[in-house]
Amino acid sequence: MKASDLLVKALENEGVEYIFGIPGEENLDFLNSLKDSSQIRLILTRHEQAAGFMAATYGRLTGRMGVCLSTLGPGATNFVTAAAYAQLGGMPMLMISGQKPIKISKQGQFQVLDVVNLMKPLTKMSRQIVNGNHIPSLVREAFRVGREERPGAIYLELPEDIAREGTSAALFTASVNRIPMADSRILREAADRIQAAKRPLLLIGAGANRKRTQRELEAFIEATGIYFFGTQLGMGVVDERHERFLGTAALSDGDYVHCAIERSDLIVNVGHDVVEKPPFFMENGGKQVIHVNFTSAQVDSVYFPQVEVVGDIASSIHSLTGLITPSESWDFDYFGRVKTDVEKYLTNKDDDPRFPIVPQRFVADTRRAMPSSGILCLDNGIYKVWYARNYKAYEPNTLLLDNALATMGAGLPSAIGAKIVFPDRKVMAVCGDGGFMMNSQEMETAVRLGLDLVVLVLRDNAYGMIKWKQTGMGFDNFGLDYGNPDFVKYAESYGARGIRVESNESLLPILKEALDAKGVTLVELPVDYSENEKTLIEELEQKTCLL
Ligand SMILES: Cc1ncc(C[n+]2csc(CCOP(=O)(O)OP(=O)(O)O)c2C)c(N)n1
Ligand SMILES: [Mg+2]
């Protein structure tokens with residue numbers, strides 16, 4: 001068998017359904033092998049970075065490896081940001097690139113880069129396939145390492161001449177295994193500390209976003225009545241309409257939810273790690289933190305937990321629920337009052353009538369328009385803070401945002417990836433005018449694939465997030481304004497629909513109609529970002545926590 005055929009067989013053997021990417025001449029053997037696969041579908045994109053974002057999102061949503069393909073040199077370097085996105089975000093993803101022949105080549109160093117080394121700091125494993133007989137073990141390793149907690153990016157390079165070689169190597173099947181459980185003594189220690197605390201709080205972070213963990217966390221909250229808050233990557237793991245939900249720590253400090261965090265003497269941190277923007281800062285001599293995760297805690301000046309419960313998170317939570325009985329020493333009265341306060345302040349501008357529309361209103365209207373299972377895929381800009389703060393996710397993975405690399409440009413590609421994984425669910429990309437333009441060429445991919453997708457573009461004609469920071473630091477407005485294409489015509493030029501929102505009250509009906517429509521609909525929304533300063537800076541600076 002040809003090595004490229006074996007690589008396709010090995011990927012099929014791992015259950016691969018899609019490969020996102022752009023082939024180059026160095027992948028033509030592989031592409032030809034792929035042609036004959038009845039299992040794997042090639043999703044051709046218009047930029048490798050977007051293919052990487054799609055593959056990473058596939059991995060994020062399914063827990064299986066998302067796979068993407070590029071040529072050597074420039075194609076492979078275009079994967080760099082996507083590799084970082086998957087690696088920091090804990091998303092299982094495999095990148096495969098071509099390379100010039102490694103035995104004899106008459107092309108000198110044309111397009112040749114040491115991509116294997118380039119990818120090393122951005123991946124969990126980066127290897128060149130130097131012999132077709134290594135394909136079965138390398139592919140099995142790639143999938144094992146990529147999916148193992150904490151998941152991340154893998155890079156494999158298949159040189160042209162190796163792809164063409166013959167091989168007779170046999171494939172491996174995955175072993176049967178389970179993630180080890182935490183030690184019973186450390187569980188007891190954690191339970192005792194939670195029991196002895198006065199105001200314990202539960203924090204739900206990225207690592208908690210696993211199917212079994214969701215059920216166990218719900219049971220833990222029901223059994224103990226402990227209040228909870230989330231990080232951005234933990235949103236929706238437990239339905240945020242829950243009466244014990246205090247909010248998402250969209251900022252690290254100074255928001256209403258931080259009144260509760262400050263008053264708490266112990267935080268049970270499930271699945272958060274330092275890759276995310278901190279949901280709060282630990283201080284020496286301050287509150288205790290119990291780290292519950294698959295892996296031990298990376299110590300940082302803002303994070304140094306006193307107790308670590310390392311092992312399968314769902315099993316750990318299950319055990320803790322069994323070990324804890326609601327304690328006499330617990331006092332949740334304050335959290336109850338903070339909850340009332342948070343609800344009041346976070347919803348008071350849900351019906352704000354201004355036009356252009358303020359963030360509180362467009363976040364509320366998107367929530368009203370989206371069904372429970374609908375998936376919002378955010379790009380990166382100031383609106384991410386508003387969505388994280390004000391949007392309540394009812395189900396896991398229904399608000400996909402990137403609070404790890406926090407890259408611009410992933411909104412539309414991740415929405416395409418999400419729609420491919422869940423064709424029957426409503427999917428909406430929410431992008432700033434800056435982030436959207438970083439990968440807007442994927443409108444063509446979405447139209448070509450016949451996806452039903454809504455793309456909400458928030459137009460402030462600026463890199464709004466940086467403007468907000470600039471204002472916050474007391475600097476003059478400089479260097480962040482730009483012009484935009486006519487987004488309606490731009491959408492139409494791709495064969496998509498374009499709608500411009502022209503009044504406050506028309507946003508909700510437009511979103512609802514777009515979500516029910518066939519094909520790709522771009523909704524251009526002019527936004528009024530004065531609230532960034534007014535609420536996120538001035539109001540929060542003036543706020544005082546309840547006594
Ligand atoms: C690839 C990349 N480049 C730059 C940044 C820094 N950055 C973060 S948000 C932002 C502005 C985003 O502008 P836009 O997409 O229009 O969203 P807005 O904040 O205006 O709503 C920039 C430049 C980044 N996070 N990622
Ligand atoms: Mg903008």
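**Strands, cores and the ligand site in a predicted model**

Met93 has its place in strand β4, which spans residues 93-99. The model is a predicted one, and in it Met93 counts as buried because its relative accessibility is 0%, against a cut-off of under 20%. Setting aside neighbours within four places in sequence, there is still a good list of partners for Met93: Gly52, Ala55, Ala56, Met65, Gly66, Cys68, Ala82, Ala83, Ala86, Gly152, Ala153 and Ile154 are all in contact with this residue. Gly472 is another story: 379 residues separate Met93 from Gly472 along the chain, and their C-alpha atoms are 37 Å apart.

Next up is strand β13, residues 375-378, which is covered on both faces. Ile375 and Cys377 sit on one side, Leu376 and Leu378 on the other, and all of them are buried. As for pairing, β13 runs parallel to strand β15 (residues 427-432), with four bridges between the two. Here Leu378 stands opposite Val430 of β15. Strand β14 (residues 399-400) is also parallel to β13, joined to it by two bridges, and Cys377 is found opposite Leu400 of β14. To get from β13 to β14 the chain passes through helix α15, residues 382-390, in a β-α-β crossover that is right-handed.

Then there is the nonpolar packing. The largest nonpolar core has 95 residues, and the members that touch the most others are Leu202, Phe229, Phe362 and Tyr387. Phe362 shows what that looks like up close: once residues up to four places away in sequence are left out, Phe362 touches Ile357, Tyr383, Tyr387, Leu458, Leu507, Leu525, Val527 and Tyr529. Another core, this one of 53 residues, lies apart from the largest one and includes Ile43, Ala56, Ile416 and Leu451. Ala56 also turns up among the contacts of Met93.

That leaves ligand 1, which is surrounded by 19 residues. The closest of these are Asp433, Gly435, Gly464, Met465 and Tyr529. On the polar side, a side-chain atom of Tyr529 lies 2.6 Å from an oxygen atom of ligand 1. Tyr482 likewise offers a polar side-chain atom, 3.1 Å from an oxygen atom of the ligand. Met408 takes part through its backbone instead, with an N or O atom 3.2 Å from a nitrogen atom of ligand 1. Tyr529 thus appears in two settings, touching Phe362 and making a polar approach to ligand 1.

Note on methods. Residues are numbered from 1 along each chain as its sequence is written. Chains are lettered from A and ligands numbered from 1 in the order in which they are written. This is a predicted model: local features need pLDDT of at least 70, side-chain atom pairs count only at pLDDT 80 or more; totals for chains, interfaces and linings use all residues. Side-chain values use heavy atoms; hydrogens and water are left out. Buried means under 20% relative accessible area, exposed over 50%, partly exposed in between (1.4 Å probe, protein chains only). Two strands pair if DSSP finds at least two bridges between them. A crossover is right-handed if, with the strands pointing away from the viewer, the path from the first strand over the helix to the second runs clockwise. A nonpolar core is a set of buried Ala, Val, Leu, Ile, Met, Phe, Trp, Tyr and Cys residues joined through side-chain atoms within 4.5 Å. Contact means heavy atoms within 4.5 Å. A residue is near a molecule or strand if one of its heavy atoms lies within 4 Å of it. A polar contact is a pair of N or O atoms within 3.5 Å; within protein, one must be able to donate a hydrogen and the other to accept it, and residues adjacent in sequence count only if both atoms are side-chain atoms.
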